[in-house]
Amino acid sequence: MFNGFELAFDNTIYEALLLVFIILIVTGFRLIEKWRIDNYGPMLAIAVFLFPLSYFISSFHAVTAYNAHLMTYIAFGMAGFFCFGLFFSEQARDWNRLAFILQLSGYAIVLFGFLNLFGQHYYPSAIWYTSGQNRLASVFQYSNTYAGYLLAMLLTTVYYTVHVQKKGWRLLHAMMLVPIWVSLLLTYSRGALVVLPVLIVIIIPFIRLHRQILYLLAIGFAAVVSFILLNPLTRNIDEIADVVLPVHTQKRPSLLSVWDKLPLESWLFLIIPSVLTACAIMLLFPIADRWLEKKLASLTRRRWGGLLFSLLLIFAGAIGVVVLVTDNGIIEFLLPNGLADRIESINFEQHSVLERFTFYRDAMKVVADYPLFGTGGGGWSAVYEQYQNNPYLSRQAHSFFFQTLVEIGWIGFLLLMTFICVIFSVYIYLFVKKKELRGNHFVFFIFAISLLVHSLIDFDMSYMFVSSVVFLCLGAMIGPFRSQLNVKRWELAGESSWRYAYPVFLIALATFLFVFTFREYSAIRSYDHAMYMAVEEKAPLQDILEPLEQMIAISPNQPEFTLRKIDWLSQGYYQTMDPAYLTKIQNAILALKKNEPYNRDLLLAEYRNFKNLGSYNKAIVALEEGISKFPWDIKFYEAAMLEYANDRNGQTDVQVTARNQDRVLELYSEVKTRMTMLKDLPEQQLQGRDFGITPYIRQAIGKVYFDQQDFEQAVQILQPLADGANLEEKDPVLRKGIIYYLAAMDATGQDIDQLTEKLILPDHEESSLLIELREKIEMLR
């Protein structure tokens with residue numbers, strides 16, 4: 001359930017939202033009986049809706065209306081998860097069940113990852129092959145987000161291992177320590193390894209002193225076992241991937257039986273050490289627990305005993321980091337080459353850090369233009385190319401907090417941050433003060449803080465599953481302490497008839513959201529059917545346009561529907577040359593552009609349609625708009641410079657022609673300026689997309705120089721087109737550039753006969769154009 005702001009992801013999101021809103025309706029009916037405004041808990045249940053309200057307000061001036069509405073629905077869904085967590089975790093039985101479900105679902109995700117690693121199952125991108133490494137991603141299909149989730153799983157599993165009393169459950173949790181550690185290492189996520197010690201330092205002070213030591217011992221013991229396993233496991237995994245993964249075999253996935261040599265060996269490598277680790281913990285930790293509790297009793301009674309240990313931990317951790325960074329031999333000895341290389345490269349000068357800092361600076365540029373209410377949901381994906389420092393491609397800001405700030409502005413962002421801070425402050429205060437109410441609900445704190453901290457540096461919260469877990473846990477952190485949040489002066493108000501207002505509001509809101517979400521969902525399903533009719537059934541144009549029009553009527557802001565209609569109408573025009581199609585296309589473009597002004601495909605469709613209509617001035621205006629909104633897209637520069645250089649308006653006005661030529665040179669200068677900017681990037685930072693002087697730009701500039709009689713400049717800029725060219729070159733634009741090159745050479749007095757024979761087809765219109773240009777030169781002389 002990744003929200004990538006593309007139609008391919010939306011169907012699953014809407015399905016999940018429908019289920020969420022049904023749960024919210026059920027929650028509302030349950031609250032009719034028990035809702036009371038007699039403590040701060042219900043007030044938080046009201047306050048959480050300020051988050052979706054911020055998205056709703058920002059949607060009125062959104063830069064992408066469809067994505068703004070989608071994010072509004074998602075934000076309401078997150079508020080619903082908070083309410084569910086708040087009201088269904090008041091009793092120990094309830095919060096234990098909720099925590100149990102979270103933990104077991106996590107274990108299932110971990111095991112699912114190993115099924116893909118060892119070749120018994122194939123899920124697209126569960127193994128993410130990049131930079132020559134097979135990175136584990138499991139159901140998330142993105143290794144860094146999976147690593148963030150594994151951080152939460154690791155820390156909660158260790159907590160259960162140390163604290164749970166029932167031996168069967170302790171054994172289960174202890175057995176999962178090594179698989180989770182191995183999974184985390186196989187994501188090859190540097191950010192997760194950097195965040196892990198930070199999270200440990202945050203969590204440790206809330207645990208009793210003697211169990212802090214056990215907590216660290218469990219993490220360290222499982223880590224050592226995992227490091228030992230990693231080399232043989234990695235070798236097996238790479239060999240399995242060479243057989244199974246399509247990226248390696250260039251064929252369909254070829255699954256392996258668990259009884260095949262490599263998978264069986266790999267499962268044994270994983271299971272036997274996991275069981276042995278669990279047995280060691282089961283035998284030694286109860287003894288160590290009693291011994292440490294006795295030895296540290298005096299220090300435990302001191303108020304700052306636990307904090308002192310945390311400070312010592314920070315100091316020891318700092319020393320360990322220094323040792324690892326300065327002595328690469330330790331890392332190389334313990335870890336496989338690929339992982340060792342990634343860990344050794346952890347510094348503030350590596351490309352992923354530099355790129356993230358660039359994203360964040362660019363995000364603040366957007367915020368400067370949309371400070372109060374932001375760009376609306378999906379705003380970053382729509383406008384980031386207008387503000388970017390270099391031509392990277394990233395529809396995510398790689399930080400939940402920066403992306404949220406872009407989307408809902410400072411007002412919404414501060415409301416959200418205040419809400420989150422209040423939740424954590426209340427929980428920490430009550431956890432410290434009310435020792436008798438402490439319990440396994442602490443895992444909700446671990447889940448929430450782990451995922452939020454990691455989402456500082458990545459887009460984990462763009463996964464609806466992750467954001468749902470976070471908001472569920474935020475609510476479940478407060479639920480167990482609701483009895484401690486009573487306000488006496490509100491008790492009488494809690495019995496008034498107004499107490500029914502919130503449950504009724506919740507039911508009405510969820511019903512309203514369910515209806516609109518179902519409309520969007522049904523439109524996508526119908527769109528899929530229309531695509532099937534077009535591709536598989538080869539249905540006539542009119543038969544597939546009619547249902548598409550109905551979908552657009554249901555969801556007029558969905559850009560893919562209208563763009564598909566434009567594409568089909570364009571095909572109809574090219575087949576019939578009926579200008580009526582062009583009018584329909586223009587009407588569709590105008591209707592969508594009001595709500596999707598930053599859609600690149602829409603701008604290109606507008607440009608092509610104006611050319612088909614013969615409105616070349618308007619076509620150039622569309623290209624200029626593209627350059628202003630996508631200043632690092634070299635394709636817009638190419639098209640605009642060619643249009644200006646070719647001067648297809650049939651202008652006889654010398655001043656207009658001169659202005660067009662000047663604009664070509666201005667755009668050429670802009671391209672060169674931006675190329676200089678790219679040279680100033682740090683050496684380690686990746687540039688992103690290609691941006692430079694392309695053959696099409698050379699053709700446009702060469703023609704302008706030729707028309708201005710600057711023949712030497714024309715030869716210089718056009719020469720690369722001719723170098724290595726031959727009669728097989730088919731691109732008409734480049735062929736024309738070669739002709740201008742030959743004519744410019746002729747104008748400078750150079751012999752072009754041999755090149756002409758090599759590059760120009762005899763008895764062809766190219767020969768006629770070359771003769772025409774040479775005659776023009778003679779007249780000028």
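**View 1. The largest cavity is lined by 22 residues.** Nearest its centre lie Y55, M71, F400, M461 and S462. Four elements give two or more residues each to this lining: α3 (50–58), α4 (65–87), α18 (400–433) and α20 (464–478). The model shown here and in the other views is predicted. The space in the largest cavity comes to about 260 Å³. Its lining divides into 14 nonpolar residues, seven polar and one charged. In total, the count is two cavities of 30 Å³ or more.

**View 2. The second largest cavity has a volume of about 40 Å³.** Its lining is made by N116, H121, Y122, Y123, S125, A126, I127 and L245. Five of these residues are nonpolar and three are polar. No charged residue belongs to the lining of this second cavity.

**View 3. Strands β1 and β2 form an antiparallel hairpin.** Strand β1 covers residues 127–130, and four bridges join it to β2. One bridge partnership links Y129 to N134 in β2. Two residues lie between the strands of the hairpin. S131 has a positive phi here, near 55°. Strand β2 spans residues 133–136, and both of its faces are covered. Q133 and R135 are buried on one side. On the other side, N134 and L136 are buried too.

**View 4. F442, F444 and L474 touch the most other members of the largest nonpolar core.** This core holds 196 residues. Which residues does F442 contact, leaving aside neighbours within four places in sequence? The partners are Y159, I203, F206, I207, Y427 and F431. Another core, of 55 residues, lies apart from the largest one. Among the members of that other core are A619, F636, A640 and L681.

**View 5. H398 has a positive phi in the loop between α17 and α18.** Helix α17 covers residues 379–387. The phi of H398 is near 60°, and this residue is not a glycine. Most residues other than glycine have a negative phi. Is H398 buried or exposed? H398 counts as buried because its relative accessible area is 12%, under the 20% cut-off.

**View 6. Q709 also has a positive phi, near 65°.** Q709 is a residue other than glycine. Its place is the loop between α29 (695–707) and α30 (711–722). How much relative accessible area does Q709 have? The value is 44%, so Q709 is partly exposed, lying between the cut-offs of 20% and 50%.

**View 7. E624 sits in helix α26.** The helix runs over residues 616–629. Why does E624 count as buried? Its relative accessibility is 19%, and the cut-off for burial is under 20%, so E624 falls in the buried class. E624 touches Y644 and R663, with residues up to four places away in sequence not counted.

Definitions and conventions. Residues are numbered from 1 along each chain as its sequence is written. This is a predicted model: local features need pLDDT of at least 70, side-chain atom pairs count only at pLDDT 80 or more; totals for chains, interfaces and linings use all residues. Side-chain values use heavy atoms; hydrogens and water are left out. Buried means under 20% relative accessible area, exposed over 50%, partly exposed in between (1.4 Å probe, protein chains only). Two strands pair if DSSP finds at least two bridges between them. On a 1 Å grid over the protein atoms alone, a cavity is a set of points where a 1.4 Å probe fits but cannot get out, and a pocket is an open set with protein on both sides within 12 Å along at least five of seven lines; lining residues have an atom within 4 Å of a point. Grid points are joined across faces, edges and corners, and a volume is the space filled by probe spheres set on the points. Ala, Val, Leu, Ile, Met, Phe, Trp, Tyr, Cys and Pro count as nonpolar, Asp, Glu, Lys and Arg as charged, and the others, Gly among them, as polar. A nonpolar core is a set of buried Ala, Val, Leu, Ile, Met, Phe, Trp, Tyr and Cys residues joined through side-chain atoms within 4.5 Å. Contact means heavy atoms within 4.5 Å.
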